[in-house]
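Biologist: Please take a close look at one part of this model for me: the surface patches. Then work outward to the side-chain contacts, and keep the cut-offs in view.

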Amino acid sequence: MKKGSFLAMQSITSGISTMLVLFLLGLMLFLGFTAKNLSVYVREHIALTLTLNDDMKEPAILAYKEQIEKEAFTKEITYISKEEALKEQKIAMGTDPAEFLGHNPFPAIIELKLKSAYANADSIRWISEQLKEESGVLEISYPQDLINSVNDNLRKIGIVLLICAGLLTLISFVLINNTIRLHIYAKRFLIHTMRLVGAKWGFIRRPFIKRSVLMGIIAAIFANIALYALTYALIQYETDLRFIITPEILWIVMGIVLLLGILLTWLCALFAVNRYLNMRTGSLYR
């Protein structure tokens, strides 16, 4: 294989390796950023069900609903009247319970979804006590075990992602460093010759750093294209993911990947060139 072909193949291999590393790092960042949105999404879809007394009239219920809407903890509130509840059950059961019972057995209810900051056991207990002060509220029910499980799991996921992000950042630096060192290794005699003729270290470093940074930019662009394609495919597969995977998160991750591509390749090239600048002649043949 000719030297030019070998160097070209080496450059392509280095670029692909750097792109894959940046893609994995970007994917981890992406998971980290979306974890917060996932937490908010899950918490805000846990509903409190307020069962209302049959003696509570419609105007009083609507006034009570309006009062709850003004509270700081309210994200979304839905009122389901006795008639609407009966209609839903008729559809679900395929028969009308009121026909053989002689009355509508279903109470009016209010479904309350909380803001994510209030979707924890302590806050829900305090909110329930406050809502029960209304005499027309018979019962307040919510999936307490689910709330505890969600909060615990989200906390564990956050810790795992943080650890993985730290390890992957370290691994990324090592892999990119090795990739760039392999390329600069092939030019070690050129570096040594330039040093012998009196070239300044900054002059020697410049082309290697420029090339490595350019490779990092190109690799980051292709990594971002892959990330964009992945997120697009996920949203097409499950449209509800658009509430978790927002354009803002995608742009932030892509920007960080580009910056990391520049920073990591610059640092790795700097360290690799300095290694050979400080190396003695005899060591170049090892």
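Modeller: A patch takes residues with over 30% relative accessible area and no salt bridge; like charges are joined within 9 Å, and nonpolar side chains (Val, Leu, Ile, Met, Phe, Trp, Tyr) within 5 Å. Areas come from the Shrake-Rupley method with a 1.4 Å probe, and for residues only the protein chains shown count as cover. A salt bridge needs a side-chain nitrogen of Lys or Arg within 4 Å of a carboxyl oxygen of Asp or Glu. The model is predicted: local features need pLDDT of at least 70, side-chain atom pairs count only at pLDDT 80 or more, and totals for chains, interfaces and linings use all residues. Numbering starts from 1 along each chain as its sequence is written, and side-chain values use heavy atoms, with hydrogens and water left out.

Now the nonpolar patch. Leu214, Ile218, Ile221, Phe222, Ile225 and Leu258 make it up on the surface. Together they have about 540 Å² of accessible area. Helix α8 spans residues 201-237 and gives the most to this patch, with five residues. Ile225 is one residue placed in helix α8. Helices (H or I, at least four residues) and strands (E, at least two) are DSSP runs, numbered from the N terminus.

The surface has a charged patch too. Glu58, Glu83, Glu84 and Glu88 gather there as a patch of negative charge. In the charge count, Lys and Arg are positive and Asp and Glu negative, while His and the chain ends are not counted. The charge is placed at NZ of Lys, CZ of Arg, CG of Asp or CD of Glu. Helix α3, residues 82-93, gives the most to the negative patch, with three residues. Glu58 sits in helix α2, residues 58-69. Its relative accessible area is 40%, so Glu58 is partly exposed. The terms here are buried for under 20%, exposed for over 50% and partly exposed in between (1.4 Å probe, protein chains only).

Next, charge pairing. Side chains of opposite charge can pair when their charged atoms come close. The count here is two salt bridges. One joins Lys65 to Glu69, with the closest N and O atoms 2.9 Å apart. Lys65 and Glu69 are four residues apart in helix α2, so about one helical turn separates them. Lys65 is buried at 18% relative accessible area. Glu69 is partly exposed at 38%. Another bridge joins Arg125 to Asp122, and its closest N and O atoms are 3.1 Å apart. Both residues lie in helix α5, three residues apart, about one turn of the helix. Arg125 is partly exposed at 39% relative accessibility. Asp122 is exposed at 56%.

Helix α5 also takes part in the ring contacts, through Trp126. A pair of aromatic rings is described by the distance of the centres and the angle of the planes. Rings of Phe, Tyr and Trp (its six-membered ring) pair if their centres lie within 6.5 Å; planes under 30 degrees apart are stacked, over 60 edge-to-face, and the rest tilted. The structure holds two aromatic pairs. Phe73 and Tyr118 pair edge-to-face, at 6.3 Å centre to centre and 70° between the planes. Phe73 lies in the loop between α2 and β2 (74-80), and Tyr118 in the loop between β3 (109-114) and α5 (121-131), so this pair ties together parts that are 45 residues apart in sequence. Phe73 is buried, at 2% relative accessibility. Tyr118 is partly exposed, at 25%. Phe73 and Trp126 also pair edge-to-face, at 6.2 Å and 90° between the planes. With Phe73 in its loop and Trp126 in helix α5, this pair ties together parts that are 53 residues apart in sequence. Trp126 is partly exposed at 45% relative accessibility. Ring pairs thus link Phe73, Tyr118 and Trp126 into a cluster.

One contact of the backbone, then the whole. Leu50 belongs to strand β1, residues 47-52. Leu50 is buried, with 0% relative accessible area. Leu50 and Ile110 are 60 residues apart in sequence, yet 5.0 Å apart in space, C-alpha to C-alpha. The protein has nine helices and four strands. From the N terminus on, its elements run α-β-α-β-α-α-β-α-β-α-α-α-α. Of its 286 residues, 38% are buried.
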